[in-house]
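Reader: I'd like to go through this one piece by piece, with the reasoning spelled out. Could you put it up first?

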Amino acid sequence: MKKLLLSAVLSVPLWVFGQGFQVNLQGQKQIGMAGAGSALALDEASVFYNPGAVSFLEKNSISAGVNPLLFKSAFKQTGSNITENVKNKIAPPFEAYAVWGPKSNKWKLGLGVYTPFGGLVDWGNEWSGRYALTSLNLKAIYFQPTLSVKITENIGIGAGFVYNHGEVNLQRALPVNYPDGRSGHATLEGTGSGYGWNAGLYIKTLSNITFAVVHKSKVITKLNDGTATFDVPESLRTSFPAGNTFNAELPLPSTTTLGIGVPLSKSTTLAFDASWVQWHVYKELAFDYAVNTSALADTRSARNYRDGSSFKMGINHQASEKLALRAGVGYAFSPVQDGYVTPEAPDADRYILSAGVGYAPTSHFELNASFFFEDVKSRQQKNIETGLDGTFKTLVYAPGLSLTYKW
Amino acid sequence: MVGDINMKKIIFNSLVAATILFAASCKPEIETPAATTAGTANFSKYIAIGNSLTSGYADGGLYLEGQKVAYPNLLAAQMATVGGGSFTSPFFSDIQANGSGYASLTALTNGSPTISQITTGTAYVAPGKLAKYSGEIQNLGIPGMRLDLAFDPTFTFSAANMFFERLLTDAQVGKVNYAAYIQGRNHTFFSLWLGNNDALGYALNGGVTTDATTVLTEKATFSFLYTNMLNILTAGGQKGVVATIPDVTAVPYFNTVTPAALLAAAKAINPAAASIYIQTGTGTVRAATSEDLIRLPFQTAGLFAVPNAAGYFYGLDPRNPIANNWVLDKDEVVKVKDYVNSYNSTIKSLANSKGLALADTYTYFNTVKAGISIQGININAAFITGGAFSLDGIHLTPRGNAAIANVFVDAINAKYGSTIPTIDITKYRGVKFPDSK
């Protein structure tokens, strides 16, 4: 029976989780399992992974964790012999959850604060793609109050409202030169917000195999009155007026996940997640400036993402009462089509490897650590809009730590 | 307690493993497809034959900054990674860095440029005479050099052209022509981008021939002399790259001051202005069309709309038209294009028969005229803002030089199987904009 189910899952056509700006670091235990776990009622991170599983958590708990992420990207112009690297900048994806409900009742309340999308890339002001981008710092912080209800002993449903606080800082060099030869520079900075929801279904079968269906809605994040700062020679100031502002919109995609949890033994559980990320909403990156001039038109840069997908498999082994060990592998298909790869998201299909360890010194405290690694495949591209022509290669490293208090 | 010790061990070992993994494979690597090689070419001694474009002439002058970023110099620097040797150029000294003097953009008022001439720090020792340069030279580009005058049988051009005269010993002046001058240099590789002025000299004079530098070289003469030139350069079996001649109408010099722009300016003052009148090469006076090209310096010549003695406004009345030498009229445009096409057929067929690489700058300039995005930079043939052309509207900015040098790199690599790395054009500037209002 188990074998049949496994093969059924593995033969599902390859859809699931692409990446782009997606950050797959939302719960230390699940991270250790490559991000799989929607069909496991592992801990309070189910608020994110599957609100339907929250009502199956035995204890109330509160946790917080951080996963300092190092995004190491390299670029080599086509035909060049020089490889350029991004600067070492550590992005701080974090997650905090709380789950509470009256003991042995059928419902639980949850709150999640996490960073499902983001990007921190700093190529520096001298690299050869600087007229396309010098740096991007994008943060999306989701706040998600959640209600989960156990409909039967075997079925749980849950849903949460999502509020997104977004921040973006996008910079690039402008190909106009000062008398000393240096280039102009543009900085677009703003904050915005958006709304969405997250709902999930958790089913526990008689054989203890668990299933999950989760949908996280798209969140259209609107940035209004961001500041547009242009450093240009004074003779061009009338073309790039000071104090300009812009409006923009960043559609963060919806994700549909199917998950399976398979208990291999009393202490060991396998988890599979297949996710489909509807990135097709990211059609363009448009900036609408408050003041336009002959040199400064509103820009509409085509992105034309297609849907992305990912497969993740993780294992959780309770080695002793206090110690848990985890590992995971995954593969993700990029949503970025040929011709649209940009230095702000030098995306390609990627492999995921992870490991994790959990330690519970008492029945109240739990410490979890993880290490998450992504190998983004090398990709040679010529961007349709900017003509930036070269090969990108990226490795992602994210060690993480979280602390949980349960009662 | 046993569990605790195990746990500590495991955490410790995991941390060590993670650290090792981190340190070992932290930096992403991009593989280079092939080892660097000169292919079947030998770049140990490269010489560049040509005119102003080869010399690094820009902004209406030859000066040190331009010389340093001339496309042969950028090319030679890249060749160095595949066995290329040193490359010497007749650089002006630092104290005379402004060379012949050059144009500088000093203000931009509502998009209208003020261009001034830099006259300090130049290399003049007398009017029309530059300080001599002696020593080994591999960038042999001479502003104003033409294919026909390279074989000047009278040797007078060596004295008449101050940039050529500068490189010659007193004994050579008046006794040598360019074809003879470039010989005996033991080169192993050459670039030849010559012949532009055989058409451009005529065009820049509005299609009027007034002296040897404004002749439109006969097609047969061009073919004969180009063959001779290549025979000289390949006498020792050397390999090289030849470049086609860009369409003279692809440069801002002929596309900035348009009849439509002049008419709009006139209408702003006198709404009754109906047409711009020109005198054509055949002496006819007629209303200008968009196919008639007016030379860039007309903008600042101070002639337009000035009334003559009879009260007729210059260029706005058929009785006081824009003179022939300011206009490359549409028939002259057709004529020059036809000659350039013929020159290019010659160049391509000789490149082919002699097994030389061909840098098709004709096609590339047309691409730039239409506008192109390279590594995030939009470049086009617009005057000042286009980024590729310097303030004289004909010669290249450092950015334009880098772009054209890559055309040579690609051509050489394609022909000889070499792997000369391309140049990062983002490191090179366009026009400098003044930083005051």
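Reader: Where does Asn186(B) lie in chain B?
Author: Bear in mind that this is a predicted model. Look past α8 (178–181) of chain B and stop ahead of β6 (189–193). Asn186(B) sits between those two elements, in the loop.

Reader: And is Asn186(B) buried or exposed?
Author: Its phi is positive, about 50°, although the residue is not a glycine. Most residues other than glycine have a negative phi. As for its surroundings, 12 or fewer C-beta neighbours make a residue exposed. Asn186(B) has 9 of them inside 10 Å, so it counts as exposed.

Reader: Gln375(B) has a positive phi too, near 45°. Is Gln375(B) buried or exposed?
Author: Gln375(B) is in a loop as well, the one between β13 (372–374) and β14 (377–379) of chain B. The threshold for burial is 20 or more other C-beta atoms within 10 Å. Gln375(B) has 24 such neighbours, so the verdict is buried.

Reader: Let's zoom out. How much of chain B counts as buried?
Author: Chain B holds 14 helices and 14 strands, and its C-alpha trace spans about 115 × 60 × 45 Å along the principal axes. Among its contacts with a separation of 6 or more, 73% join residues 24 or more positions apart. Of the 437 residues, the buried part is 49%.

Reader: Which strands stand at the edges of the open four-stranded sheet in chain B?
Author: The strand order is β1-β6-β7-β12, with parallel pairing. An edge strand has a single partner, so one of its sides is left without a neighbour in the sheet. That description fits β1 (46–50) and β12 (357–359) of chain B. As an aside on the geometry of this sheet, neighbouring strands are turned against each other, direction ignored, by an average of 20°.

Reader: Which residue of β12(B) stands opposite Val242(B)?
Author: Start with β7(B), residues 239–243, which pairs with β12(B) in the parallel sense over three bridges. Across from Val242(B), on β12(B), is Leu358(B).

Reader: What about the hairpin of β2(B) and β3(B): what is the phi of Asn110(B) there?
Author: β2(B), residues 102–109, and β3(B), residues 112–118, run antiparallel and are joined by seven bridges. One facing pair is Ala103(B) and Gln117(B). Two residues lie between the strands, and in this hairpin Asn110(B) takes a positive phi, near 50°.

Reader: On to helices. How does α9(B) run relative to α12(B)?
Author: The axes of α9(B), residues 196–204, and α12(B), residues 330–354, come within 10 Å and cross at roughly 170°. An angle over 145 degrees falls in the roughly antiparallel class. So the relation of α9(B) to α12(B) is roughly antiparallel.

Reader: What kinds of residues make up that contact?
Author: From α9(B) come Asp198(B), Ala199(B), Tyr202(B) and Ala203(B), which meet Val336(B), Tyr339(B), Val340(B) and Tyr343(B) of α12(B). Those four α12(B) residues are also among the ones that count as buried in that helix. By type, the contact divides into seven nonpolar, no polar and one charged.

Reader: How far apart are the end C-alpha atoms of α12(B)?
Author: The helix has 25 residues, and at 1.5 Å a residue it should span 36 Å. After it comes Gly355(B), with a positive phi near 70°. The model agrees with the expected span, because the end C-alpha atoms of α12(B) are separated by 36 Å.

Reader: Now the two chains together. Which strand supplies the largest share of the side of chain A that touches chain B?
Author: In this contact, 44 residues of chain A meet 38 residues of chain B. The chain A side divides into 18 nonpolar, 18 polar and eight charged. Its largest share, seven residues, comes from β21(A).

Reader: Last one: which residues of chain A does Pro421(B) touch?
Author: Pro421(B) is found after α14 (398–416) of chain B, and it is buried, with 22 other C-beta atoms within 10 Å. In its own chain, its C-alpha atom is 6.0 Å from that of Gln78(B), 343 residues away along the chain. Besides Gln78(B) and Thr81(B), Pro421(B) touches Gly79(A), Ser80(A) and Asn81(A).

How values were computed. Residues are numbered from 1 along each chain as its sequence is written. Chains are lettered from A and ligands numbered from 1 in the order in which they are written. This is a predicted model: local features need pLDDT of at least 70, side-chain atom pairs count only at pLDDT 80 or more; totals for chains, interfaces and linings use all residues. Two strands pair if DSSP finds at least two bridges between them. Axes are lines fitted to C-alpha atoms, for helices over the stretch in contact, and angles run from 0 to 180 degrees between N-to-C directions. Angles under 35 degrees count as roughly parallel, over 145 as roughly antiparallel, 65 to 115 as roughly perpendicular and the rest as oblique. Two residues are in contact if their C-beta atoms, placed from the backbone, lie within 7 Å. Ala, Val, Leu, Ile, Met, Phe, Trp, Tyr, Cys and Pro count as nonpolar, Asp, Glu, Lys and Arg as charged, and the others, Gly among them, as polar. The expected span of a helix is 1.5 Å times one less than its number of residues. Lists of a residue's contacts leave out its neighbours within four places in sequence.
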